[in-house]
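Please look over the sequence and the model below before reading on. The paragraphs that follow lead from the overall fold to a few selected sites.

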Amino acid sequence: VGTFAPLNLSPRSINSGPLVVELIQFALAQLNGVLAELVRDANTQQLIGTGKSIILWDDNTDITVAVESASLYFTAPSHATCLVYDLSQDAGVDLPISICQDPQSYVWYDALHSSSKAHLLIANSFKKALMKANLIK
């Protein structure tokens, strides 16, 4: 089970201001805490003697590290997005106005979703977590 992603690091959150970022961080901490308790309870109460367990993968930390070390893997700034929107519209719909030439140089494809290269880094981290838990070789 993966923790909730650090949406507070997304360009959409950051562009919304520090209060929004702080509120999202707080909510994520609460949600991830509850998730950890649920996983712990499931492992201790329901799966005893079955030889099975649920692992909690901390993708929050892995994504945070990817964003904070973006300069190692990406040429675009860590909070830049490949897809740029016109947010001045009053219709409540984000309309794309441009797309970058090389999406692989960005952490973020749009203001909320990471690029495929960022997804690959996250997937590699998940694979390492599975290997550490002896679930795959």
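**A walk through the fold**

The protein contains five helices and two strands, where helices (H or I, at least four residues) and strands (E, at least two) are DSSP runs numbered from the N terminus. Read from the N terminus, these elements follow the order α-α-α-α-β-β-α. The model is a predicted one, in which local features need pLDDT of at least 70 and side-chain atom pairs count only at pLDDT 80 or more, while totals for chains, interfaces and linings use all residues. Residues are numbered from 1 along each chain as its sequence is written, and side-chain values use heavy atoms, with hydrogens and water left out.

The predictor's confidence in each residue, pLDDT, runs from 0 to 100; its average for the protein is 82, and 88% of the residues score at least 70. Confidence is highest in helix 2 (residues 18-46), at a mean of 87, and lowest in strand 2, at 75. Where pLDDT is low, the predicted coordinates should not be read in detail.

Of the 137 residues in the protein, 30% are buried, that is, under 20% relative accessible area, with exposed meaning over 50% and partly exposed in between (1.4 Å probe, protein chains only). The largest nonpolar core, a set of buried Ala, Val, Leu, Ile, Met, Phe, Trp, Tyr and Cys residues joined through side-chain atoms within 4.5 Å, has 10 residues, among them Leu9, Trp57, Ile63, Phe74, Trp108 and Ile122. Helix 3 (59-68) and helix 5 each supply at least two residues of this core. In soluble globular proteins, nonpolar side chains tend to be buried together. Within the core, Ile63 is in contact (heavy atoms within 4.5 Å) with Ala5, Pro6 and Ile122, once its neighbours within four places in sequence are left aside.

Ser115 lies in the loop between strand 2 and helix 5, and it counts as buried because its relative accessibility is 2%. Leaving aside neighbours within four places in sequence, Ser115 is in contact with Phe74, Pro103, Tyr106, Val107, Trp108 and Tyr109.

The same loop also holds one half of a disulfide, which is a pair of cysteine sulfur atoms within 2.5 Å. Cys82 and Cys100 form this link, with their sulfur atoms 2.0 Å apart. The pair joins distant parts of the chain, 18 residues apart, since Cys82 sits in the loop between helix 4 (70-73) and strand 1 (83-86) and Cys100 in the loop between strand 2 (95-99) and helix 5 (116-132). The link is left-handed, with -90° about the S-S bond, and both Cys82 and Cys100 are buried.
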